[in-house]
Amino acid sequence: MNKRLEKYLVEHSTPEDPVLEELYRQTHIRFINPNMASGHLQGKLLEMVSLMIRPEYILEIGTFTGYSAICLAKGLRPGGKLITIEMNDELTDFARSYIRRAGAEEKIIQITGKAQKIIPDLSMMFDLVFIDGDKREYIDYYRLVIDKVKPGGFILADNVIWGEKVLGQDITDPQSKGIRDFNEMIIKETDINEVIIPLRDGLMLINKKE
Ligand SMILES: C[S@@+](CC[C@H](N)C(=O)[O-])C[C@H]1O[C@@H](n2cnc3c(N)ncnc32)[C@H](O)[C@@H]1O
């Protein structure tokens with residue numbers, strides 16, 4: 001997105017929560033690939049979507065430093081839970097400390113491990129799933145979660161524009177291919193409705209038909 005437009009959007013959106021601002025800053029100081037964190041505008045959108053749905057259960061694949069988990073948890077109904085899965089155990093304590101500072105420790109359950117191993121053992125049905133793990137694995141995640149999404153429930157998948165690489169004719173790198181194959185698979189599914197929101201790197205919003 002061009003910088004002038006982004007500045008305008010930021011100036012005309014609710015200011016970033018100070019805990020999230022600090023989390024984003026520290027993520028940039030302490031971790032590689034810090035721009036994986038959702039950040040202000042996308043975080044606000046995630047919060048709003050969650051507030052519209054008022055989920056009982058949310059599943060997130062890819063916690064990273066906890067930015068999106070904290071945003072999504074803001075919309076949970078009282079007593080609701082967000083389960084977030086992250087395979088990199090070096091991130092657990094950092095994310096936990098910000099989840100605590102955001103006052104969300106009662107709402108967010110962190111699980112460390114590979115999503116593919118963990119999801120089959122989850123017994124609850126989800127109102128909302130946020131797919132934001134390895135781009136090569138999006139189809140696997142979708143296949144694993146779709147039967148655990150309540151009828152009428154939603155899936156959000158991040159980075160589906162992938163820096164516009166999805167438009168390329170001869171994609172060879174596995175991540176771009178993973179995203180493009182996911183988008184092509186989704187458009188053929190008949191039991192869902194979907195739309196791509198062109199914010200940041202593209203968010204696919206999927207609704208499972210009732
Ligand atoms: C883009 S980052 C997540 C960003 C975070 N959702 C946010 O918006 O702030 C992706 C994360 O997914 C994790 N990841 C990748 N593949 C995974 C898998 N199969 N299971 C669990 N976590 C995975 C990575 O270690 C990385 O921290």
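**Close-up views of a predicted model**

**View 1. The β6–β7 hairpin.** Strands β6 and β7 run antiparallel and are joined by six bridges. Everything shown here and in the views below comes from a predicted model. Five residues lie between the two strands of this hairpin, and in the turn you will find arginine 200, whose phi is positive at about 55 degrees. Along the pair, look for glutamate 194, which stands opposite isoleucine 206 in β7.

**View 2. The open sheet of seven strands.** Follow the strands across in the order β3-β2-β1-β4-β5-β7-β6, and you have the whole open sheet, with mixed pairing. The edges belong to β3 (108–112) and β6 (192–197); each has a single partner strand, so one side of each is left without a neighbour in the sheet. On average, and ignoring direction, neighbouring strands are turned by 15 degrees against each other. At the β3 edge, β2 (residues 81–86) pairs with β3 in the parallel sense over five bridges. Here leucine 82 stands opposite isoleucine 108 in β3.

**View 3. Helix α7 on the sheet.** Helix α7 (residues 138–145) packs on the sheet and touches β1 (57–61), β4 (126–131), β5 (149–158), β6 and β7 (203–208). If you compare directions, that of α7 makes about 165 degrees with that of β5.

**View 4. The nonpolar cores.** Which residues of the largest nonpolar core touch the most other members? They are Leu59, Tyr142, Ile155 and Phe182, out of 29 residues in this core. Two or more residues each come from β1, β2, α6 (115–118), β4, α7, β5, α8 and β7. Leucine 59 is a good place to zoom in: leaving aside residues up to four places away in sequence, leucine 59 touches Ile83, Ile85, Ile119, Leu122, Phe126, Leu128, Val129, Phe130 and Val145. Apart from the largest core lies another one, of 26 residues, including Leu46, Ile70, Ile99 and Phe130.

**View 5. Asparagine 183 in helix α8.** This view centres on a residue of helix α8 (residues 174–188), asparagine 183. Is asparagine 183 buried or exposed? Its relative accessible area is 14%, and because the cut-off for buried is under 20%, asparagine 183 counts as buried. From this position, the side chain of asparagine 183 reaches the backbone oxygen of valine 160 at 2.9 Å. Val160 also appears among the contacts of asparagine 183, together with Val166 and Met204, when residues up to four places away in sequence are not counted.

**View 6. Threonine 27 in helix α2.** Threonine 27 lies in helix α2 (residues 18–30) and is buried, with a relative accessibility of 0%. Where does its side chain find a polar partner? A polar atom of the threonine 27 side chain lies 2.7 Å from the backbone oxygen of leucine 23. Beyond residues up to four places away in sequence, threonine 27 touches Pro34, Ala37, Phe64, Thr65 and Phe94.

**View 7. Around the ligand.** There are 23 residues around the ligand, and Ser38, Gly62, Ser68, Glu86 and Asp132 come nearest. An N or O atom in the side chain of glutamate 86 is 2.6 Å from an oxygen atom of the ligand. Backbone atoms take part as well: a polar backbone atom of methionine 87 is 3.2 Å from a nitrogen atom of the ligand, and a backbone N or O atom of aspartate 134 lies 3.4 Å from a ligand nitrogen atom.

Definitions and conventions: Residues are numbered from 1 along each chain as its sequence is written. This is a predicted model: local features need pLDDT of at least 70, side-chain atom pairs count only at pLDDT 80 or more; totals for chains, interfaces and linings use all residues. Side-chain values use heavy atoms; hydrogens and water are left out. Helices (H or I, at least four residues) and strands (E, at least two) are DSSP runs, numbered from the N terminus. Buried means under 20% relative accessible area, exposed over 50%, partly exposed in between (1.4 Å probe, protein chains only). A polar contact is a pair of N or O atoms within 3.5 Å; within protein, one must be able to donate a hydrogen and the other to accept it, and residues adjacent in sequence count only if both atoms are side-chain atoms. Contact means heavy atoms within 4.5 Å. Two strands pair if DSSP finds at least two bridges between them. Axes are lines fitted to C-alpha atoms, for helices over the stretch in contact, and angles run from 0 to 180 degrees between N-to-C directions. A nonpolar core is a set of buried Ala, Val, Leu, Ile, Met, Phe, Trp, Tyr and Cys residues joined through side-chain atoms within 4.5 Å. A residue is near a molecule or strand if one of its heavy atoms lies within 4 Å of it.
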